[in-house]
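Student: I would like to go through a structure and ask how its descriptions are justified.
Tutor: Go ahead.

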Amino acid sequence: MLKIENLNAEIDGKSILKGLNLEVKAGEVHAIMGPNGAGKSTMANVIAGKEEYEVTDGTIELNGEDISELAPEERAHNGVFLSFQYPVEIPGVSVTNFIKTAINESRKAQGLEEMPAKDMLKKIREKSELLEIDRKFLGRSLNEGFSGGEKKRNEIFQMAMLEPKLAILDETDSGLDIDALRIVANGVNKLKSKDNAVIVITHYQRLLDYIVPDFVHVLHDGKIVKTGNASLALELEAKGYDWIKQELV
Amino acid sequence: MELKDKLLSSYVAFENRVNTNSDVHEIRSEAFEKFEELGFPTRNLEAWKYTSLNSVLKQDYSLFPNKIAAIELADVKQFFIHEIDSYKVVFIDGKYSSFLSQTTHENYDVCLMSAALNKEKYKPVIEKYFNKIAKQDNLTSLNTAFATEGAYINIPKNTEVQKPIQIINFTTGSETATMLQPRNLIVVGENSQVQIIERHQSLTSNPVLTNIVTEIFADKASNVDYYKIQNDEITASLVDNSYIEQQSNSVVSVHTFSFGGNITRNNLNFYQKGEHIDSILKGITIIEGKQHVDHHTLVHHIEPNCESHQDYKGIFNERSTGVFNGKVIVEKEAQKTNAYQQNNNVLVSDRATINAKPQLEIFADDVKCSHGCTIGQLDDDALFYMQQRGIPQKEGKALLMFAFANTVLESVKIPEVKQRITKIIANKLGVNIGFDL
C-alpha cells in the first residue's frame with residue numbers, strides 16, 4: 001500500500017525527516033510513537049503533501065505510484081486521508097456541505113457523476129450514527145466552536161464518508177475524554193478492512209488499547225529507530241523514551 | 001474640452017429643456033454655481049486622497065444621450081432579479097423605459113423623478129424632501145445641478161410594500177462614452193416597510209461615468225432594506241452618493257456588493273435624527289485587475305440610544321486597490337450609543353492594495369464604540385485542510401472567500417438576492433459551488 005524510502009524533508013531550511021523508511025501493507029495498522037519534535041506530524045503532513053515542507057530526497061509510493069510530486073488534493077483522490085491534530089475552523093460552510101463538496105470533487109476527479117442526493121443523505125445518516133453524531137451538529141459551520149472531542153469525531157466522520165485507502169490519524173486521541181476516545185476508536189475499527197491501512201500517530205498507549213496495532217514504530221530525530229509489535233507500546237508507556245535514545249548511542 | 005468646461009457650457013442648453021421657473025430649478029442653479037466653484041475632486045482633498053478620477057474624467061462623454069436605444073427584455077433579463085415579482089423602475093441611457101418598467105400609484109408611488117418634479121400633486125413632497133440632506137460637495141452638487149430623472153418612491157405611513165422595487169440604469173453606449181446623473185428620492189412613511197434593489201449596467205464596453213445621488217427619508221418605526229449590486233462592465237465607473245435620514249425607531253440597512261466596474265466610489269451617509277434608531281451598513285468587495293473600489297461611510301449619531309452596525313469585507317486580487325474610510329461621529333447628546341464597525345480585508349496578491357481608515361469622533365462619554373480592521377491573506381492551513389479532503393486549490397480558495405464574506409451574505413433578507421450574489425461571486429471566482437451558503 002504505502003512504501004516510504006529514505007525520505008528526507010525540511011521546512012524553512014531546517015531538516016526534520018532524515019532518511020525515513022516505512023512500509024505499510026493493506027489490512028495493517030501501524031502505530032508511530034516518539035518524543036516531541038521527533039518528526040511525527042511532519043511525516044503525516046509530508047505524506048499528505050503540505051507545500052511548506054520540501055522533500056529533499058527519497059520516495060513516497062502509494063500502490064506502486066510515486067505520489068511525492070502530487071498536489072494534496074490529488075493524493076486525497078488517490079485515497080490518502082489525514083485526520084488533523086488541529087482541524088481548522090471554516091465558518092459559513094456546514095459540515096454537510098463541506099463533506100458533500102469533498103466527496104463530489106473526488107468523484108469528479110475520477111470521472112464519476114456527482115453522488116445522487118438520496119445516496120449522499122443515506123451515507124451521511126449511516127456514518128454519523130456510527131460516530132454517534134447528532135443531526136444538528138451536521139448543520140453547524142465546520143469545526144467552528146466545536147469542542148476538541150467534537151472536532152476529532154468530525155474528522156473520523158469525514159474519514160468514514162471518504163473511505164480512504166490509507167488513513168493517517170495524527171494524535172486523534174489528544175483532547176478526547178474516555179467516552180469520545182471509545183467512540184472514535186470504535187469508528188476506526190469498523191472502517192478497517194483487508195483493503196485499507198491505518199497509521200496511528202500517538203504519544204500514548206491509551207488509544208492503542210482500542211485500535212490494536214500490528215506494528216509499533218519509534219520515530220526519533222527524523223527516522224524510525226525501533227520497530228516492534230503491540231507490546232513495544234506498553235514498554236514505552238512504562239519506561240519512556242530515554243532507554244531507546246541510550247540504545248542508539 | 002475638459003469635462004468640467006463641457007458640463008458648464010452645456011447648462012444653457014439644459015435650461016432650455018427644463019422648467020426654470022420652479023423652486024427646484026433654484027436649487028439646481030445654486031448647485032451649479034457650487035460645482036462651478038469646486039470643480040471635480042482631486043487627490044488634494046483628504047476625502048479623495050486614495051481615489052483619483054483623472055483617468056475617468058478624460059473621456060469625451062455624451063452628457064444628454066438623445067437617441068433611445070431599443071433593448072429586448074431577453075437581452076437584459078439576466079440583470080434583473082427576475083425570479084421574484086417586483087416593481088421596476090428602469091432607465092436606458094438616463095431615459096425612462098416604460099417597456100421594461102413596472103410602476104404603481106395605487107397605494108404608494110413607485111415612479112419617476114421627472115414626473116415628481118413637474119406635477120403639482122407631488123410638489124409638497126418635493127418641497128419637503130428634495131435636496132434636503134444631500135451634501136453640498138463637488139459631485140453631489142454636480143448631480144443636483146442636472147437633476148431631472150431617477151426613481152421617485154413615496155410610501156405613506158403604515159404601509160408595507162408587498163414586493164421589492166428594482167431600480168436599474170442601463171447604458172447602451174450607443175453614443176460612445178456616456179455620462180449619467182440619476183437622482184433618486186425615497187420617502188418612507190411612519191411604520192412602513194420597503195425593500196429596494198439598485199443596479200447599474202452597461203451593455204457595451206464603451207466608457208460610462210455615473211454620478212448618482214439617492215436621498216432616503218425613513219420616518220418613525222419604518223424599515224428600509226436596500227441592496228446595491230455593483231457588477232458593471234470594466235469600462236464603467238460609478239460615484240454613488242447616498243444620504244439617509246432616519247427618525248426614531250427606524251431601521252435602515254444598506255448592503256453594497258462591489259464586484260465589477262472600473263472605479264467605484266461609494267459615499268454612504270447616515271444621519272440619525274431620533275432615538276432607538278438602527279443603521280446597518282454592510283458590503284462585500286471582490287475585485288481584480290486594476291479595479292478600484294472606495295467605500296466612504298459616515299454614521300452621524302445625533303440623539304441618544306441608537307445603534308449602528310458596519311461590516312465590510314474586501315477581497316483584492318491582482319493589482320486591484322481598495323479604500324475603506326469609515327467615519328462615526330457621536331454627538332455629546334448621543335449618550336448610550338452603540339456603534340460597531342468591522343472592516344476585514346484579504347489581499348490575495350502581493351500587488352493588491354487596501355487603504356483602511358476607521359475614523360471615530362466621540363463627544364459623548366457613555367457610549368459603546370468598537371471598531372476592528374484587519375488586513376490578511378487567505379489561511380494556508382485552512383486551504384491545505386480542504387485540499388487534503390480532495391477539494392482542489394481553486395475551489396478551496398473560493399470556499400474560504402465565501403466563508404470570509406459570509407457574515408455579510410447571511411444578513412441578506414431576500415433569498416433570491418442572496419442566491420444571485422452567491423452566483424456572481426462563484427462566477428467571478430470561476431467555481432461552481434454546489435450548494436447555497
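Tutor: Just after α6(A), A:Glu163 takes a positive phi of about 45°. This is a predicted model, where local features need pLDDT of at least 70, side-chain atom pairs count only at pLDDT 80 or more, and totals for chains, interfaces and linings use all residues. Residues are numbered from 1 along each chain as its sequence is written, and chains are lettered from A and ligands numbered from 1 in the order in which they are written.

Student: What makes α6 of chain A a helix, and how does its span agree with that?
Tutor: A helix is a DSSP run of H or I with at least four residues, and a strand is a run of E with at least two, numbered from the N terminus. Helix α6 of chain A has 15 residues, 148–162. The expected span is 1.5 Å times one less than the number of residues, so 21 Å is expected here, and the end C-alpha atoms are 21 Å apart, which agrees.

Student: Why is A:Phe157 called buried?
Tutor: Buried means that 20 or more other C-beta atoms, placed from the backbone, lie within 10 Å of the residue's own (exposed: 12 or fewer; partly exposed: in between). A:Phe157 is buried, so it meets that cut-off. Also buried in α6(A) are residues including A:Lys151 and A:Ile156.

Student: What makes chain A as compact as a globular protein of its length?
Tutor: The globule rule is 2.2 Å times the number of residues to the power 0.38, with the radius of gyration taken over C-alpha atoms. For 249 residues the rule gives 18 Å, and chain A has 18 Å, so the description holds. Of these 249 residues, 43% count as buried.
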